[in-house]
Every structure is written in C-alpha cells, then in structure tokens.
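Morning, everyone. Please have the model open on your screens, and let's walk through a few residues together.

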Amino acid sequence: RGVAASVPDGVLLVPLAESDLRDLVDILIDNVFAHTEDGTDFEVRLASDGVRARLTVTDAGAGFLADGARAGRPGTTGLGLDIAERMALGVGGELKRGRGPRGGASVEVVVPLSS
C-alpha cells in the first residue's frame, strides 16, 4: 500500500487520554485495511486551525454506501467507527464520513485543542 502522511511541526494537545488517542488512530487506519483491497493507497493528515485538531484518513477504495456503511469488503459491523465517533463526541468533537479526493472513503475526526 502506498501511504502518505502530513503532520504539523510541534505538539497538538487534545483532551483525550494517550491510550484513547492511540486507539482512535488505530481504528481509523485499521478501517482502511479492513475495508479496502490489498494494495489500496491511503493518506493520514493531521492539521490544526488553532482551536481544533483535525485528523483525516482517506483511501482510494470503494468509499461509503448511501447509508454510511463501507463499500468494499462485506461482513463488518461498523463498530470501530462508532467507537471513534463516541470518543470524539465525548470531548466535544465530531466524526465525519464522506468521499475523499481519490473517490474512496474519508473519515475526519475533529476535536478541540486543550489549553
């Protein structure tokens, strides 16, 4: 798989425990591996607008269906993204599912920065 990553210089502090943050990132990346064909490229991007941190994972797979379920490999429950969404909501953030620039899935988690 080709992977591209973009992260800002410095540290972004968010109101998530380190283990929860690690789990959230793992869920988003595992989602790519679970729902796309072997060899599908993906990108991980972290950005900040000074108030919020925005973590986006996009892939070149089949994307999402109209009901928000993942297209591609069948047989999963969607529980991983539900857990990631609850983590984001728990700290005043959100999770957005959509279509990425290469036509595949895009999952974006936005959480406030800690002061």
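Where does Thr 58 lie? Thr 58 is in strand S3. Keep in mind that this is a predicted model.

Now, is Thr 58 buried or exposed? Its relative accessibility is 2%. The cut-off for buried is under 20%, so Thr 58 counts as buried. Which residues does Thr 58 touch, once we leave out those up to four places away in sequence? There are Phe 42, Glu 43 and Arg 45. There are also Gly 100, Pro 101 and Arg 102. Ala 105 and Ser 106 complete the list.

Stay on strand S3, which covers residues 52-59. Arg 54 is found there too. Arg 54 has a relative accessibility of 26%. Partly exposed runs from 20% to 50%, so Arg 54 falls in that class. Look at what Arg 54 contacts, neighbours within four places in sequence aside. We have Arg 45, Leu 46 and Ala 47. Then come Lys 96, Glu 108, Val 109 and Val 110. Pick out Glu 108: its side chain makes a polar contact with the side chain of Arg 54, at 3.2 Å. And Ser 115? Arg 54 and Ser 115 are 61 residues apart in sequence. In space, they are 16 Å apart, C-alpha to C-alpha.

Next, the rings. How many aromatic pairs are there? The count is 1. Phe 33 and Phe 42 form that pair, and it is edge-to-face. The centres are 5.7 Å apart, with 70 degrees between the planes. Edge-to-face needs over 60 degrees, which is why this pair gets the name. Phe 42 is buried, at 8% relative accessibility. Phe 33 is partly exposed, at 38%. Remember Phe 42 from earlier: Thr 58 touches it.

Now look at Phe 33 again. The charged end of Arg 1 sits over its ring, 4.3 Å from the centre. Arg 1 has another partner, Thr 36. Their side chains are joined by a polar contact of 2.7 Å.

So where is Thr 36? Find the loop between helix H1, residues 18-35, and strand S2, residues 42-48. Thr 36 lies in that loop. Thr 36 counts as buried, because its relative accessibility is 1%. One more detail on its side chain. A polar atom there lies 2.6 Å from the backbone oxygen of Val 32.

To recap Thr 36: its side chain meets the side chain of Arg 1, and a polar atom of that side chain lies 2.6 Å from the Val 32 backbone oxygen. Thanks, everyone.

Conventions:
Residues are numbered from 1 along each chain as its sequence is written. This is a predicted model: local features need pLDDT of at least 70, side-chain atom pairs count only at pLDDT 80 or more; totals for chains, interfaces and linings use all residues. Side-chain values use heavy atoms; hydrogens and water are left out. Helices (H or I, at least four residues) and strands (E, at least two) are DSSP runs, numbered from the N terminus. Buried means under 20% relative accessible area, exposed over 50%, partly exposed in between (1.4 Å probe, protein chains only). A polar contact is a pair of N or O atoms within 3.5 Å; within protein, one must be able to donate a hydrogen and the other to accept it, and residues adjacent in sequence count only if both atoms are side-chain atoms. Contact means heavy atoms within 4.5 Å. Rings of Phe, Tyr and Trp (its six-membered ring) pair if their centres lie within 6.5 Å; planes under 30 degrees apart count as stacked, over 60 as edge-to-face and the rest as tilted. A charge sits over a ring if NZ of Lys or CZ of Arg is within 6 Å of the ring centre and within 35 degrees of the ring normal.
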